[in-house]
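Okay, thanks for having me, everyone. I'll put the structure up and then walk through a few spots in it.

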Amino acid sequence: MIYLDNAATTQPTKRALEIYQQAQHQLFYNSESLHIGGEKVKNALTQARTFVQQYFQSTKEILFGTSGSHVNEIAIHLYLKHQTSGQVWVSPYEHPSITAALEAYRDRLEIQTLPLTEMGEIDIPTFQTLVTEQTVLIITQHVNSETGYILPIQQIAQIAKQWNIPFHVDGVQAVHKVPSISIDSFASYSFSGHKIHGTKGSGVLMIDYAYIHPYNAHYFHEQGVRNGTMDVPSILATVQALSEPSDYNHLQRLYQHAVQRATELEFRILKYNAQAPHILGLITPKYEGQYMMQMLSNRNICISTGTACGHGILMSNGVTQKIKASDGEVYQYIRVSFASFTTFEEIDTCFDVMANILYEGGSQ
């Protein structure tokens, strides 16, 4: 099988799986237990938090959740649970987990969408004129999961700082995919283990201590922000995956090669001024994206037509606008995404098959 849907999930590394299995065997104790087994697990979690802080060169508090979606939800609740009024700005490129978490606040808060330019990028000058003292939170992705668009988070952070507004950044598609940046200009930053070759079951929230407070009297884990026994093996596998080297140059070469192949086949490429190298958004020259995806799947080649959390069909408003600005049709969108395990041969095979489908009647 050729797997080119790495924005949805990635294959765990051998070492991450080894760490996961060792932890299941040796650190199966409950982290809340008061005996020596519980203490061993607490020590492992402390070391994991310390490693994450050192990796990001940050003193932010480290909270563990069950996924990227879960820690995004935790962050939003920490910022908004005690707000009775105000305005929240959200980029139109956000993951469905953000929309879901904000739903509980729509009756008392004004949820606004960051403005876009005609070409579908965040319009920073216009946004500067819209922020007011009523703004209580800003939320954006670091890298869009559908197109690889790197949002201008440093510029947004400057605006947030001017108004003393907390700024949450969803870094799920950025960690190990784009060069590391300082996260200290954001109030919080999140990522997920299974997107960086760890195992499923772990999300990480890095947040300034000033914003942490228990928001449910019956939540006893992670400083009172969640319930549920900690999945220590997944957390340690995430830390292991984070510790392994990322090959940014390899991803860049894969992306450039895929762009060349796509251009030869007359695909329309969704391009941005700042682009992550592991996600390529395309508009097919003919046929619906769903058709292309299924035809490739029939040949054991995996791509996608949208975020996996939307059952493969959900598309953000930002991407919809970008497609229209590129003179494309939403139903013709497909996504090809890479990882460190991806080879040039796999990309060539994928585009060779698509060429056959598009131009040589290979639909049988």
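Let's start with strand E12, where 5 of the 5 residues are buried, so the strand is largely enclosed by the rest of the structure. Before I go on, keep in mind that this is a predicted model. Back to E12, which runs from 333 to 337. Both of its faces are covered. On one side you've got Tyr333, Arg335 and Ser337, on the other Ile334 and Val336, and all of these are buried.

So who's next to it? E12 pairs with E10 in the antiparallel sense, over 5 bridges. If you want one spot to look for, find Leu282, which stands opposite Ile334 in E12.

Those two strands turn up again when we look at helix H10, residues 317-325. Gly318, Val319, Thr320, Lys322 and Ile323 are buried in that helix, and what covers the buried residues includes E10, at 279-283, and E12. Just after H10 comes Asp327, and its phi is positive, near 60°.

Now, a lysine I'd like you to see: Lys60. It's in the loop between helix H2 (36-56) and strand E2 (61-65). Is Lys60 buried or exposed? At 4% relative accessibility, Lys60 counts as buried, because the cut-off for that is under 20%. What does its side chain reach? That would be the backbone oxygen of Phe186, at 2.5 Å. Leaving aside neighbours within four places in sequence, the residues in contact with Lys60 include Gln53, Ile183, Asp184, Met206 and Asp208.

Last topic, helix pairs. In general, you describe two packed helices by the angle between their axes and the distance between the axes.

First up, H1 (residues 14-26) and H7 (residues 232-243): their axes come within 8 Å and cross at roughly 150°. Angles over 145 degrees count as roughly antiparallel, so that's what we call H1 and H7. The crossing is right-handed. On the H1 side, the residues involved include Ile19, Tyr20 and Ala23, and they meet a set in H7 that includes Pro233, Leu236 and Gln240.

Then there's H8 (residues 248-264) with H11 (residues 344-359), packing at an angle of about 20° with axes 10 Å apart. H8 and H11 are therefore roughly parallel to each other, and this crossing is right-handed too. Among the residues making the contact are His250, Leu254 and His257 of H8, along with Phe344, Ile347 and Phe351 of H11.

That's my tour, thanks for listening.

Key:
Residues numbered from 1 in each chain as written. Predicted model: local features only at pLDDT ≥ 70, side-chain atom pairs only at ≥ 80, totals over all residues. Heavy atoms only, no water. Buried < 20%, exposed > 50% of the residue type's maximum accessible area, 1.4 Å probe, protein only. Helix = DSSP H or I, 4+ residues; strand = E, 2+ residues; numbered from the N terminus. Contact = heavy atoms within 4.5 Å. Polar contact = N/O pair within 3.5 Å; in protein donor to acceptor, adjacent residues only side chain to side chain. Pairing = 2+ DSSP bridges. Axes fitted to C-alpha atoms, helices over the stretch in contact; angles between N-to-C directions. Parallel < 35°, antiparallel > 145°, perpendicular 65-115°, else oblique. Left-handed = near helix turned anticlockwise from the far one by under 90°.
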